[in-house]
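Q: Please take me slowly through a single part of this structure, and explain each term when it comes up, as I am new to reading models.

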Amino acid sequence: MKLAFMVSVFGSLLWATSAPVRSPIEKLLEQNIRLDWPEATRIEVNQVSSKKVIPSQAILLQIHPRPAMGAISFEASWKSPEGPQRTFGTAVVRVYQPVAVARANLNPQEALDEVKIQFEEREISKFTQNGIFSHWEELEGKTAKTFIKAGMPVHRVQTESPAEIRQGQMVDLIFNNNQLLISARMKALEHGRLGNWIRVENPNSKRVIRARVSAPGQVAIR
């Protein structure tokens, strides 16, 4: 029992002595950068370099770019017995937060739901250009626009909202020239979003024409 206690204490001390000690400017940068990324689970500030040693009472005048991520530059100032001090510095910032990830391969037009999507903590700097999802609410009603490989983050550019008209759906074809209004039931031969021109077929005559998607379940030829 005594030996186990000593091992436990020794392990705690070893962890405490090996834990990295952050400098005042690292703490100050992290606190400030968290304003850019309030949902971040973790923010790492590394490779901090400045022309002068920055004390704990310093304030940040600016950080570039904003939101801060990757290689950044900053300006800090503080008061000293010698008078006001100012310096410039650089650092590398890594931001981690939950990201929507495909559980399995996803094909175009496949719905995105909890069976096919999970959230994992990822470092997001390489994902921000194409956008990421951090909440289920952002994915509600969306489908895959392109093939998404299992284990890969789901980018916003890879998703879309469901089309107003889907291939094989029966739709109302409207013709209206302000003097005459005609409506007919047609079969959509392809998916269509609002404003798209799609092919529709008369199920009786098999005649195919092009019509513009004007509303969910409705197309028009004028």
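A: The answer below follows a run of paired strands, then the core beside it, and then some residues around its last strand.

This is a predicted model, in which local features need pLDDT of at least 70, side-chain atom pairs count only at pLDDT 80 or more, and totals for chains, interfaces and linings use all residues. Residues are numbered from 1 along each chain as its sequence is written, and side-chain values use heavy atoms, with hydrogens and water left out.

The elements named here are DSSP runs numbered from the N terminus, namely helices (H or I, at least four residues) and strands (E, at least two). Strands of a sheet pair through backbone hydrogen bonds, either parallel or antiparallel, and here two strands are said to pair if DSSP finds at least two bridges between them. By that rule β2 and β3 run antiparallel and are joined by five bridges, and one partnership between them sets Leu60 against Ala76 in β3. These two strands form a hairpin, with five residues between them. The chain then goes on into another hairpin, in which two residues join β3 to β4. The antiparallel pairing of β3 with β4 has 11 bridges, and Trp78 stands opposite Gln85 in β4.

The loop between β2 and β3 deserves a pause. Most residues other than glycine have a negative phi, and most peptide bonds are trans. Yet a cis peptide bond joins His64 to Pro65, with omega about -5°, and a cis bond also joins Arg66 to Pro67, where omega is again about -5°. Pro65 belongs to the loop between β2 and β3, and so does Pro67.

Next comes the core. A nonpolar core is a set of buried Ala, Val, Leu, Ile, Met, Phe, Trp, Tyr and Cys residues joined through side-chain atoms within 4.5 Å; buried means under 20% relative accessible area, exposed over 50%, and partly exposed in between, with a 1.4 Å probe and protein chains only. The largest such core has 24 residues, of which Leu29, Ile33, Ile63, Ile72 and Phe74 touch the most other members. The elements that give two or more residues to this core are α2 (24-33), β1 (42-50), β2 (59-64), β3 (70-80) and β4. A second, separate core has 11 residues, including Val171, Leu173, Ala188 and Ile209. Returning to Ile63, and taking contact to mean heavy atoms within 4.5 Å, one finds that, leaving aside neighbours within four places in sequence, Ile63 is in contact with Leu29, Asn32, Ile33, Ala68, Ile72, Ser73 and Phe74.

Further along the chain, Val99 lies in strand β4, which covers residues 83-102. Val99 counts as buried because its relative accessibility is 0%. Not counting residues up to four places away in sequence, Val99 touches Gln118, Phe119, Glu120, Arg122, Ile124, Ile132, Phe133 and Pro153. Although Val99 and Glu120 are 21 residues apart along the chain, their C-alpha atoms are separated by 5.4 Å.

Two of the residues that follow share a contact with Val99 or with its partners. Phe133, listed among the contacts of Val99, is also touched by His155, together with Phe127, Asn130 and Gly131, again not counting residues up to four places away in sequence. His155 sits in the loop between β6 (143-144) and β7 (159-160), and it counts as buried because its relative accessibility is 14%. The side chain of His155 also reaches the backbone oxygen of Gly131 at 3.3 Å.

Phe119, another contact of Val99, takes part in an aromatic pair. Rings of Phe, Tyr and Trp (its six-membered ring) pair if their centres lie within 6.5 Å, and planes under 30 degrees apart count as stacked, over 60 as edge-to-face and the rest as tilted. The count by this rule is one aromatic pair. The rings of Phe119 and Trp136 have centres 5.0 Å apart and planes at 75°, so the pair is edge-to-face. This pair links distant parts of the chain, since Phe119 is in strand β5 (residues 117-123) and Trp136 in helix α3 (residues 136-139), 17 residues apart. Phe119 is partly exposed at 27% relative accessible area, and Trp136 is partly exposed at 31%.

How values were computed:
Polar contact = N/O pair within 3.5 Å; in protein donor to acceptor, adjacent residues only side chain to side chain.
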